[in-house]
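Me: I'm new to reading protein structures. Could you go through this one with me, question by question?

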Amino acid sequence: MAPDPLLSLRQVSKLFRSADGSSRVAVLDEVNLAIEDGEVVALLGRSGSGKSTLLRLMAGLIAPSEGQIQRDGHPLDGVNQDVAIVFQSFALLPWLTVLENTAVGLEARGLSRRELRQRALKALAMVGLEGSAEAYPRELSGGMRQRVGFARAFVMEPALLLMDEPFSALDILTAENLRRDIDELWEGSNFPARSIVIVTHSIEEAVLLSDRVVLLSANPGRVRGEVRIPLPRPRDDSTPAFRVLVDELYRYMTDPDLPVGATAPPPEVSNGPQGLALPPASLGGVCDLIATVPETGGISLAELADELVLELDDLLPILDAGELLELMEVDGGRLVLTAEGQRLKDASEEGQQLLLRRQLIDHVPLVAQIQEAILASARGEVEGDEVLDLLNEQFTGPEADAVFETFVSWTRSCGLFRYNREQDRFRLVAEEAAG
Ligand code: ADP
Ligand code: MG
């Protein structure tokens, strides 16, 4: 019989209450996932796809709304003692030394002071900080602080190490160095954990570090399928095999309907919040992106991200916005402009505004709806609260606020509505803008 996985999730769902309390929003829906002994699994999904929620479930910090989590074949009850987490950034305790910060999690284990010290020093040596054991956090650079974050997890010698975007708060070079070091450590024989789950929104990072990439969809978060990364370590991101996998993942990340591998569920009709959702991008960002797309043949997404020096998490909302407004299409990992997109690219600034107004009214139902409400009202205005109420029916509080801000920004920047924050009122910018 095959051994039980270190950790398995069966039909796990997590629901949070919507902001107005009238309904429950599924953040994770029927997630099935098993983490085997000895593997590195990357969880790749857009911002908001429930990755951090999934890690917190695995760590036993929150409980599933439905479904079951098993640890070594037994139901997980309460905090998972098998795991340690590395977070995006660390709240190190400023009054403790690096060594003391590292040992904090061990203190409940009843070890002698000597043992505590030895284990903390060993963990610090793994991240190259043995010389800074007596330093205080304020004396460390950001990269060194995050190394303490790793040491703090390593010292627990967890069966399973969970990492939530551990490199994303660091500058590019520091992140690259630390990533290399962690990867080298994993290849060596002394890694303090048996398996790793790393949450990331970076495709390159996923291909660089993992044995398989599990792709999550958003709204609600579901497992779309997985892509195996059969490359030898250490990996070279310039090899054709590496680029092929990166391009494949780009295609999946930019086309939510594309089935992933053989395990992808059939596409379902979702009644989720897509109807009112607005991607968190600015119209200026959409126009800038359009300006870089060549007239014919389009551009590959990996190239585009490179050229614009944009992280995938910042690029995807811009693509979503462009597609929503029918200015561009993403197909097979390439971006091409629609006829309207091409027109926008060639237009004067004023022409661009006019065209954006038209696309907004035609393709964003919420915009058309509010425009009508303003025109129908005696005072020529609509309360912001009314818009927010609509959003609060479908989204959790922070999401509703984010969509509201995007709505304000889009309708203002194309000269459609003016939003007065003190009075909480939307008005038309000018009569002629309405037509
Ligand atoms: P990711 O890490 O992929 O960006 P998260 O797991 O942080 O995604 O969040 C997924 C969604 O769940 C987001 O829309 C977020 O607003 C919502 N969410 C997370 N935690 C809570 C909570 N405690 N209450 C309400 N909504 C939450
Ligand atoms: Mg997160």
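Reply: Sure! One definition to start: strands are DSSP runs of E with at least two residues, numbered from the N terminus. Keep in mind that this is a predicted model.

Me: Okay, so which strand is E383 found in?

Reply: A strand needs at least two residues in its run. E383 falls in the run covering residues 381–383, and that run is strand β14.

Me: Is E383 buried, partly exposed or exposed?

Reply: Buried means under 20% relative accessible area and exposed means over 50%. E383 has a relative accessible area of 35%, so it counts as partly exposed.

Me: E383 is part of a negative surface patch with D20, D385, E386, D389 and E393. Which helix gives the largest share of the negative patch?

Reply: Look for the helix that supplies 3 residues of the patch. The helix with that largest share spans residues 384–392, and it's helix α14.

Me: Let's move on to rings. How are the planes of F407 and F426 arranged?

Reply: The structure holds 10 aromatic pairs. In the F407 and F426 pair, the ring centres are 5.4 Å apart and the planes sit at 80 degrees. Planes over 60 degrees apart get their own label, so this pair is edge-to-face.

Me: And how many residues apart are F407 and F426?

Reply: F407 is in helix α15 (residues 397–413), while F426 is in strand β16 (residues 425–428). The pair links distant parts of the chain, with a separation of 19 residues.

Me: Is F426 buried or exposed?

Reply: The cut-off for buried is under 20% relative accessible area. F426 comes in at 0%, so F426 is buried.

Me: Now the charges. Which residue does R194 form a salt bridge with?

Reply: A search of the whole structure finds 19 salt bridges. In the one with R194, the closest N and O atoms are 3.2 Å apart, which fits the 4 Å cut-off. The partner is D37.

Me: How far apart in sequence are the parts that R194 and D37 tie together?

Reply: R194 lies in the loop between α5 (172–187) and β8 (195–200). D37 lies in the loop between β2 (24–35) and β3 (40–44), so the pair ties together parts separated in sequence by 157 residues.

Me: Last one: what is the distance between the closest N and O atoms of E204 and R243?

Reply: E204 sits in helix α6 (residues 203–209) and R243 in helix α7 (residues 240–254). They form a salt bridge, and the distance between their closest N and O atoms is 3.4 Å.

Technical notes: Residues are numbered from 1 along each chain as its sequence is written. Chains are lettered from A and ligands numbered from 1 in the order in which they are written. This is a predicted model: local features need pLDDT of at least 70, side-chain atom pairs count only at pLDDT 80 or more; totals for chains, interfaces and linings use all residues. Side-chain values use heavy atoms; hydrogens and water are left out. Patches are made of residues with over 30% relative accessible area and no salt bridge: like charges are joined within 9 Å, nonpolar side chains (Val, Leu, Ile, Met, Phe, Trp, Tyr) within 5 Å. Accessible areas come from the Shrake-Rupley method with a 1.4 Å probe; for residues, only the protein chains shown count as cover. A salt bridge is a side-chain nitrogen of Lys or Arg within 4 Å of a carboxyl oxygen of Asp or Glu. Lys and Arg count as positive and Asp and Glu as negative; His and the chain ends are not counted. The place of a charge is taken as NZ of Lys, CZ of Arg, CG of Asp or CD of Glu. Helices (H or I, at least four residues) and strands (E, at least two) are DSSP runs, numbered from the N terminus. Buried means under 20% relative accessible area, exposed over 50%, partly exposed in between (1.4 Å probe, protein chains only). Rings of Phe, Tyr and Trp (its six-membered ring) pair if their centres lie within 6.5 Å; planes under 30 degrees apart count as stacked, over 60 as edge-to-face and the rest as tilted.
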